[in-house]
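Work through the following exercises with the sequence and the coordinates at hand. Each task is followed by a solution that proceeds step by step.

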Amino acid sequence: MSDAPTLEAALSALRSRVDRCVTSDRVRRYLSALVDTPAPSTAAGAMRVPVLNRLLAEDGAFDTGRLRLDPDFGGVGSPVIFTGGAGIEKPFWAFAHLDTISYLVQPDPGGGVPLVPYCVHLMHDGECPANAYRYDLESNRYRVVAEGRIESSAGSPVFRAMTPDVQLRPGDRIAPHSHFHDLGEGGLFTGLMDNAGGVAALAVAAPVLAEAGVEAMLAFPDEEEGPVGAGNQTMCRGSSRIVALLPPPKLAIVADVQQGGGDPDADTRGGVENSTRLGEGAVLSEFSSLARGAVTPFGLYGLARHMADVIADFGVRVQESNNAYSSRSDDVSVMLKTPNVLLLGYPGFNRHFDRGLPRAHLDDVMNLAKTVVYASALGPIFERRRAAMLRDS
């Protein structure tokens, strides 16, 4: 059984819309606005939904009535974009977490406020700029009460405020920040890109999916960040709440920054270095966290590889990971709803300020946005092929 002509036709039908709508300038505008807006877990919606609303409205995304943004889907604290009809049951899902890493405070014994990571703390020895946020009851807003930096020594982080008279207390949150900064003309940039890149890619792709008539649910979960635990339950809490409210899709994509290679800042977790390179395109990975997260069914993975070959002729670049370490993300929640999970992303370094400022490439985020649109064609074809395999066995 061959669906190659059908797949190629479906991908070709999307090409003009993708080329017209997914541009470097648009991706940069979305990406830079999100990078410049820190969004600590449990507050991500309040901080970043207004940014998404503004960007989409400026581009007329809501004008057709085929795209709607629910800022607090099901009351679980995470925004969701729906394309197509009025219902919430959609055959195509895509996830990109909205929150950024943050830290909880403990009593200050003098010499710096000890921090409890509400994330995977990857900075062993170093420092990064950070702000202390507090909820202000009168204005009903989160406000910065102290500027300063996080310092980490032997993996133990503390916060040092630039204004020593500020007394931090339970309920305050420390969040690193790094503004969007171009590194020359090539597309490399530094900034708080985890996971602004994935969010920007999905947000840019959403109006294209709506225009193409794709029935999709694009989720931007809060609380993807979380500490390492005995299993997956200490992270990706927001996506778990979202998927619990919905019937399973035909296909789900999880878009997040992945480990890059070819650089002294490469995160290998003690294993082989990843083959992916900044500026070489979006990333397709077969599994995450050495199979502790999602493992893409190898029939679906083969179909995705063929898609990548086809869209390469359209100028869209997708690089395949060599199965080195790729981090878990919201796939740990989605895989419990459907096995049909594709791990797409973009390569980066220092996403949690491991050894310096986070660094990625604009072109990779743009290629990710395009690939998400093209991947929406895979679900029906994979379902048909799987049904035929079961029927003929």
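**Exercise 1.** In this predicted model, determine which residue is the bridge partner of Asn 131 in strand 9, and then describe the strands that pair with strand 9.

*Solution.* The bridge partner of Asn 131 in strand 9 is Ala 175. Turning to the strands themselves, strand 6 (residues 126-136) pairs with strand 9 in the antiparallel sense over four bridges, while strand 4 (residues 103-105) pairs with strand 9, also in the antiparallel sense, over two bridges. In the pairing with strand 4, Ile 174 of strand 9 stands opposite Tyr 103. Finally, consider the side chains of strand 9 (residues 173-176): Arg 173 and Ala 175 point one way, Ile 174 and Pro 176 point the other way, and all of them are buried.

**Exercise 2.** Find where the two partners of the salt bridge between Lys 90 and Glu 215 lie along the chain, and decide for each whether the residue is buried or partly exposed.

*Solution.* The side chains of Lys 90 and Glu 215 meet at 2.5 Å, N to O. Lys 90 lies in the loop between strand 2 (80-83) and strand 3 (92-95), and Glu 215 in the loop between helix 4 (196-211) and strand 12 (216-219), so that the pair links parts of the chain 125 residues apart. Because its relative accessible area is 4%, Lys 90 is buried, whereas Glu 215, at 29%, is partly exposed.

**Exercise 3.** Classify Arg 241 and Glu 223 by relative accessibility.

*Solution.* These residues form a salt bridge, with the closest N and O atoms of Arg 241 and Glu 223 being 2.7 Å apart. Arg 241, at 33%, counts as partly exposed, and Glu 223, at 9%, counts as buried.

Notes:
Residues numbered from 1 in each chain as written. Predicted model: local features only at pLDDT ≥ 70, side-chain atom pairs only at ≥ 80, totals over all residues. Heavy atoms only, no water. Buried < 20%, exposed > 50% of the residue type's maximum accessible area, 1.4 Å probe, protein only. Pairing = 2+ DSSP bridges. Salt bridge = Lys/Arg side-chain N within 4 Å of Asp/Glu carboxyl O.
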